[in-house]
Amino acid sequence: MLIAGLMIAMLFASLDNTIVGTAMPKIVGEMGGLGLITWVTTAYMLTSTTVVPIAGKLADLFGRKLIYVLGILIFIAGSALCGVAQSMEQLIIFRGIQGIGGGVMMPMAMIIIGDLFTGKQRAKWQGMFGAIFGLSSVIGPQIGGWIVDSVNWHWIFFINLPVGFVALAFIIAGLPRHKSKGAVKIDYAGIVTMIIGVVSLLLALSLGGKNFPWVSWQIIGMFVLAVVSLILFVRIETKTSEPILPMHLFRNGTFTKVNGIGFFMSLGMFGAVVFVPLFMQGIVGISASASGTVMMPMMLALIAASVIGGQFVYKIGVRRQMVTGMIIAAVSFFLLSTMDQSTTRLLASTYMIIMGVGIGLVMPLLTLILQESFKKEELGVVTSSSQFFRSIGGTFGITILGVIMNHTSSGKLGEKLTPIINDIATTDKTTVFKTKTLELIQTDPQALYNSLLNKEALQQIPQAALGKIVPVLKSTLVDSLHSVFIYGLGFILIGAILAIFLGSVKLKQRTKEEKQDASLHTADSH
């Protein structure tokens, strides 16, 4: 009953993001606020990422049941509020509330699996839960499209209510209560400084280069605030008796290497997830919906590799499987860097399958290794740390690889496209086009690439120069994406090196005593 509740909760929480993305055009069409569209995702990302390590520590202090039930209730409440939102501003605020619930729920399933199982069983079940997370990426867009077309966009949020209450009933019935042992001290100062530091950092990375220039006082100020807050957080954590993220964990080589692997893997992976569809739409010339299907083979391969890896890790060993997975992922990035204007959809999908296999072999191990390497009373905080560093890595990846792409594009477009634009005869119609294009070459090359995806934008290009401009845009996009994938390859190789130096991790066999103790430990984790 408990496992069923955990699976239902994880599926509907992870489905939410992919479903919402599909429905955004309808939401904007009804409520307006196109300029705020990215904040619907950003608000959820900010709150869910920030709350993950806090939830893990609170689960160690107060027990799994209380924290998990609160997380589900917050997520359900946030979903209901999103469903009745009357403006884009309200939807953004309610998505932030929903993100708090999601940030509690996502690591809790892995924490409870760590409580219930050890060794081979733990590896198998975490592979299964990793597969559920991957499945949501495959079926989410289809479910979202069906709900929007069949009912209306409000039901992409309302659907969470009955599903959430079913999961809640199963978890309440199956998860034992926490047995209190004396007074509990909460690290309020650590919580506040961590929230300020992480939110400032994520906001700077999300807004830099888009809403504000990287050298603007707003972005620099957020980076400074993030650094100061995180330094204070570290100092507080070294002195408090119940730290949110105990600093002594970083002196453990396994902890730092495993979270480093997760960080660098996410750095590269999220870059591929964002930029491969751009390649398929801009170069191969397929539609946005069809480019999404290019990613589906990757997610299916990731699901299969997660399940199979959970079975095989006991036979081949943790480090060997980890290194193998990272090398396979590195090979896929090298292959992606060879794509050009002759690349077919089938070939791109094949490369993505290879990436899915590599990442699928690694992802379940990141949590498994930490749970096998630390004491029971630290299970919550070390498990949530894995999710936290992967989320931060994904945000860094999208930002850093986006900056690399823009920098490479500006240089190449300035060299190849500027002379063509200057040669266009100046008339009343072409003056605005020339001025805007020359500005975008320096400030936002991706906006120029978007013209390859939009027929209306292509019609704005003077017909006399269209035959020269489009080939330059395509060749420059290919060159820029090559740089992105090469840097992504570098990040994956750093993760592979960390995996090589990972110490020996032995998976424990469950003893009769551990089986009898599982429910008691789940109830009283502190």
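A nonpolar core is a set of buried Ala, Val, Leu, Ile, Met, Phe, Trp, Tyr and Cys residues joined through side-chain atoms within 4.5 Å; buried denotes under 20% relative accessible area, exposed over 50%, and partly exposed the range in between (1.4 Å probe, protein chains only). The model is predicted, so that local features need pLDDT of at least 70 and side-chain atom pairs count only at pLDDT 80 or more, while totals for chains, interfaces and linings use all residues. Residues are numbered from 1 along each chain as its sequence is written, and side-chain values use heavy atoms, with hydrogens and water left out.

**Exercise 1. Identify the residues that touch the most other members of the largest nonpolar core, and describe the surroundings of Leu 6.**

Step 1. The largest nonpolar core has 138 residues, and Leu 6, Tyr 68 and Ile 469 touch the most other members.

Step 2. With neighbours within four places in sequence set aside, Leu 6 is in contact (heavy atoms within 4.5 Å) with Tyr 68, Ala 109, Ile 112, Ile 113, Phe 129 and Ile 171.

Step 3. A second, separate core comprises 21 residues, including Leu 15, Val 28, Met 31 and Leu 91.

**Exercise 2. Locate the salt bridges of Arg 122 and Lys 416, and state whether the residues are buried or partly exposed.**

Step 1. A salt bridge requires a side-chain nitrogen of Lys or Arg within 4 Å of a carboxyl oxygen of Asp or Glu. The structure holds 6 salt bridges.

Step 2. Arg 122 pairs with Glu 372 in a salt bridge whose closest N and O atoms are 2.9 Å apart. This pair links distant parts of the chain, 250 residues apart: Arg 122 belongs to helix α5 (residues 119-150) and Glu 372 to helix α13 (residues 345-373). Helices are DSSP runs (H or I, at least four residues), numbered from the N terminus.

Step 3. Arg 122 counts as buried because its relative accessibility is 4%; Glu 372 is buried as well, with a relative accessible area of 8%.

Step 4. Lys 416 and Asp 479 form a salt bridge through their side chains (3.5 Å, N to O). Lys 416 lies in helix α14 (residues 379-423) and Asp 479 in helix α18 (residues 463-500), so the pair ties together parts 63 residues apart in sequence.

Step 5. Lys 416, at 33% relative accessibility, counts as partly exposed, and Asp 479 counts as partly exposed at 26%.

Step 6. Asp 60, Arg 64 and Asp 115 are linked in a network of salt bridges.

**Exercise 3. Describe the setting of Glu 237 in helix α9 and the nonpolar patch to which α9 contributes.**

Step 1. Glu 237 is placed in helix α9 (residues 217-239). Glu 237 is buried yet has no salt bridge, and Lys 57, the nearest side chain of opposite charge, is 7.8 Å away. For this assignment, Lys and Arg count as positive and Asp and Glu as negative, whereas His and the chain ends are not counted.

Step 2. Trp 214, Val 215, Ile 220, Val 224, Val 228, Leu 232 and Val 403 make a nonpolar surface patch of about 600 Å². Patches consist of residues with over 30% relative accessible area and no salt bridge, with nonpolar side chains (Val, Leu, Ile, Met, Phe, Trp, Tyr) joined within 5 Å and like charges within 9 Å; the areas come from the Shrake-Rupley method with a 1.4 Å probe.

Step 3. Helix α9 provides the largest share of the nonpolar patch, 4 residues. Val 228 is found in α9 and is partly exposed, with a relative accessible area of 43%.

Key:
Helix = DSSP H or I, 4+ residues; strand = E, 2+ residues; numbered from the N terminus.
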